Every structure is written in C-alpha cells, then in structure tokens.
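I opened a fresh page for this one and wanted to see how the strands pair up and where the backbone does something unusual. Here is the structure I was looking at.

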Amino acid sequence: MKKLKTVLLRSKIIIITFSLMIGCSTSLSQWTQTSGTPEGAGITDMITTSNGTIVVTCASYNWPSGQQGGIRVSSNSGSSWQNVINAYNGRTLHLGSTGKIFASYWPYPAAEGMYYSTNNGLNW
C-alpha cells in the first residue's frame, strides 16, 4: 500500500511538472509584436494612460542626420505612432496621480529639462 501511494505521488508530481512546462511555454509564445514601431533608436521609457494611449520616449541615433529621439504617442495599441516631440533624446516618463504626464527630454540645442502634458502626451 505504501509503495502504491509513493507511485501515485510521483505520478502526480510528474503530471503537475509537465502541465506547468506546457503552460509556461504556451504563455511565453503569446507575445506579439505591434505592427508599428515608433521612430527613434530605441524606446527608453513607456507608459499607458487611463484611456489606453501609449506614450514612449525614444533615444536618437546619429542625430541630427539620423534617427531622432523624442516622444511618440499611439492611440491604437501601437499600430501607428505620432511623433509629438523630435529631440536629441527622450529619457523618462512618469504618469502622475492627476493624469499629468511628466517627461525628461533633451530638445538640443536647448537645455534638457522636465516637461509635462495634460492631454495624453499630445502637447508639452
């Protein structure tokens, strides 16, 4: 009887482990790339507003003759992006408790600074 309990316990452990392995590989394969990519040399920060707007800051590459950095906004889950600020570099974003979005970006040749938007990142 004890041997049967041991075999059943091992079987349960094997089944649970196998189920977890399948579940993990299935959930990992659910990532889907958005159909659009924001202009720039890479996203440095990202937020989503309460209405679903995605706001990102981007780095630059070989600016001003190459990819500009700045702030990009998408209102359709990343399918397309609007360049709202072209700058040398977009660094960080923070969504405030009142809905204001704060961003640090460098609009070269002007000095880098902290800016805010009250309309989901469209104006700064």
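My entries follow, starting with the sheet and ending with the backbone oddities.

**Entry 1: the kind of model.** I noted at the outset that this is a predicted model.

**Entry 2: the open sheet.** I asked myself in what order the strands of the open sheet run. I found four strands, arranged S1-S2-S3-S4, with antiparallel pairing. I then looked at the edges and found S1, residues 43-48, at one of them and S4 at the other. Each of these two has a single partner strand, so one side of each lacks a neighbour in the sheet. I also looked up the twist, which averages 15° from one strand to the next. As a reminder to myself, strands of a sheet pair through backbone hydrogen bonds, either parallel or antiparallel.

**Entry 3: S1 and S2.** I zoomed in on S1 and S2, the latter covering residues 54-58. Their pairing is antiparallel and holds five bridges. For a concrete contact I picked Thr-48, whose bridge partner is Ile-54 in S2.

**Entry 4: S6 and S7.** Next I turned to S6 and S7, which pair in the antiparallel sense, over five bridges. How many residues does the hairpin use to join S6 to S7? I counted six residues in that connection. Within the pair, Ala-103 sits opposite Tyr-115 of S7.

**Entry 5: a cis bond in the loop.** I went through the peptide bonds and stopped at the one from Tyr-108 to Pro-109, which is cis, with omega near 15°. I placed Pro-109 in the loop that runs between S6 (101-106) and S7 (113-117). That took me back to the hairpin I had just been looking at, the one joining S6 to S7.

**Entry 6: positive phi at Ser-77.** I checked phi and flagged Ser-77, which has a positive value of about 60° although it is not a glycine. Where does Ser-77 sit? I located Ser-77 in the loop between S3 (69-74) and S4 (82-87). Is Ser-77 buried or exposed? I read a relative accessible area of 57% for Ser-77, so I wrote it down as exposed, the cut-off being over 50%.

**Entry 7: positive phi at Asn-120.** I flagged Asn-120 too, with a positive phi of about 60° although it is not a glycine. Asn-120 lies in the segment after S7. Its relative accessibility is 27%, so I entered Asn-120 as partly exposed.

Note on methods. Residues are numbered from 1 along each chain as its sequence is written. This is a predicted model: local features need pLDDT of at least 70, side-chain atom pairs count only at pLDDT 80 or more; totals for chains, interfaces and linings use all residues. Side-chain values use heavy atoms; hydrogens and water are left out. Buried means under 20% relative accessible area, exposed over 50%, partly exposed in between (1.4 Å probe, protein chains only). Two strands pair if DSSP finds at least two bridges between them. Axes are lines fitted to C-alpha atoms, for helices over the stretch in contact, and angles run from 0 to 180 degrees between N-to-C directions.
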